[in-house]
Amino acid sequence: MKQVIAGEGIPESKLPFSPGLRVGDFLFLSGQASVDMEGNIISGTFEEECRRSFENIRKILVKAGMEFQDVVQVRNYIGRQEYLSEFNSIYKEYFSAPYPARTTIMGCLGNLLKFEADIVAYKNQE
């Protein structure tokens, strides 16, 4: 059974997707970017956009009864290769060993965003 994780405290989207979708013990998050509660893009430095994206992820995880330690896979989309070193430093503030499986794709966001991430988390609900 699918359970949508959205609503109060979770940034809304202006696009047709669920912010989070729980299926059994798994939680799948759609790409989270630097957006406010109404889904408006908030531009800033790479660090600001990256942290806002991860904080939006945190809100969805918490609403689903999970934490960053429950994340098993992260897909990161970085606007420019020169952000990679800064990204790796920020990433280690949110994730610790054993690190989730990870994919990082660079140069794919156009001019609107500097960072976006989606995750898969797992937590045994029994």
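**Notebook: helix α2, ring pairs, salt bridges**

I began with helix α2 and noted that S85, K92 and E93 are exposed on one side of it, opposite its buried residues. The model I am reading is a predicted one.

**Entry 1, helix α2.** I then looked up the buried positions of α2, which are F87, I90, Y91 and Y94. Viewed down the helix axis, these buried residues fall within an arc of 110°, so they line one face of α2. I kept the helix geometry in mind: an α-helix has 3.6 residues a turn, so residues three or four places apart point the same way. I checked F87 on its own, and its relative accessibility is 0%, so it counts as buried.

**Entry 2, aromatic pairs.** I looked up how many aromatic pairs the structure holds, and the count is 14. I picked out the pair of F87 and F115, which is tilted, with 5.5 Å from centre to centre and 35° between the planes. F87 belongs to helix α2 (residues 84-94) and F115 to strand β7 (residues 115-122), so this pair ties together parts that are 28 residues apart in sequence. I looked up the accessibility of F115 as well; its relative accessible area is 0%, and F115 is therefore buried.

I followed the ring pairs further. They link F46, F54, F68, Y83, F87, Y91, Y94, F95, Y99 and F115 into a cluster. Three of the buried α2 residues I had already listed turn up here: F87, Y91 and Y94. Which charged residue lies over the face of Y91? I found R102 there, at 4.7 Å from the ring centre.

**Entry 3, salt bridges.** I turned to charged side chains and found that the structure holds six salt bridges. I wrote up three of them, starting with E47 and R51.

The side chains of E47 and R51 meet with an N to O distance of 2.9 Å. E47 and R51 both sit in helix α1 (residues 46-63), and because they are four residues apart there, about one helical turn separates them. I looked up both partners for accessibility. E47 counts as partly exposed, at 34% relative accessibility. R51 is partly exposed too, with a relative accessible area of 23%.

I next took E49 and K114, whose side chains form a salt bridge at 3.4 Å, N to O. E49 lies in helix α1 and K114 in the loop between β6 (101-106) and β7, so the pair ties together parts that are 65 residues apart in sequence. Is E49 buried or exposed? I found E49 buried, with a relative accessible area of 0%. K114, by contrast, is partly exposed, at a relative accessible area of 23%.

The third entry is R75 with D118, where the side chains meet at 2.7 Å, N to O. This pair links distant parts of the chain, with R75 in strand β5 (residues 71-78), D118 in strand β7, and the two positions 43 residues apart. R75 counts as partly exposed at 27% relative accessibility. D118 is buried, and its relative accessible area is 9%. I also noted that salt bridges with shared partners join E47, R51 and E93 into one network. E93 is one of the exposed residues of α2 with which I began.

**Entry 4, a cis peptide bond.** I looked at the peptide bond from A97 to P98, which is cis, with omega near -5°. I noted it because most peptide bonds are trans. P98 is placed in the loop between α2 and β6.

**Entry 5, surface patch.** I looked for nonpolar residues on the surface. V23, F26, F28, V72 and Y122 form a patch there, and together they have about 380 Å² of accessible area. One of its members, F26, is found in strand β3 (residues 26-29). F26 counts as partly exposed, at 34% relative accessibility. The cut-off for membership is over 30% relative accessible area, so F26 passes on that point.

**Entry 6, the segment after β7.** I ended with K123, which is found in the segment after β7. K123 counts as partly exposed, at 30% relative accessibility. Which distance separates the C-alpha atoms of K123 and L27? I read 8.3 Å, for two residues that are 96 residues apart along the chain.

Key:
Residues are numbered from 1 along each chain as its sequence is written. This is a predicted model: local features need pLDDT of at least 70, side-chain atom pairs count only at pLDDT 80 or more; totals for chains, interfaces and linings use all residues. Side-chain values use heavy atoms; hydrogens and water are left out. Patches are made of residues with over 30% relative accessible area and no salt bridge: like charges are joined within 9 Å, nonpolar side chains (Val, Leu, Ile, Met, Phe, Trp, Tyr) within 5 Å. Accessible areas come from the Shrake-Rupley method with a 1.4 Å probe; for residues, only the protein chains shown count as cover. A salt bridge is a side-chain nitrogen of Lys or Arg within 4 Å of a carboxyl oxygen of Asp or Glu. Buried means under 20% relative accessible area, exposed over 50%, partly exposed in between (1.4 Å probe, protein chains only). Rings of Phe, Tyr and Trp (its six-membered ring) pair if their centres lie within 6.5 Å; planes under 30 degrees apart count as stacked, over 60 as edge-to-face and the rest as tilted. A charge sits over a ring if NZ of Lys or CZ of Arg is within 6 Å of the ring centre and within 35 degrees of the ring normal. The arc is that of the directions from the helix axis to the C-beta atoms.
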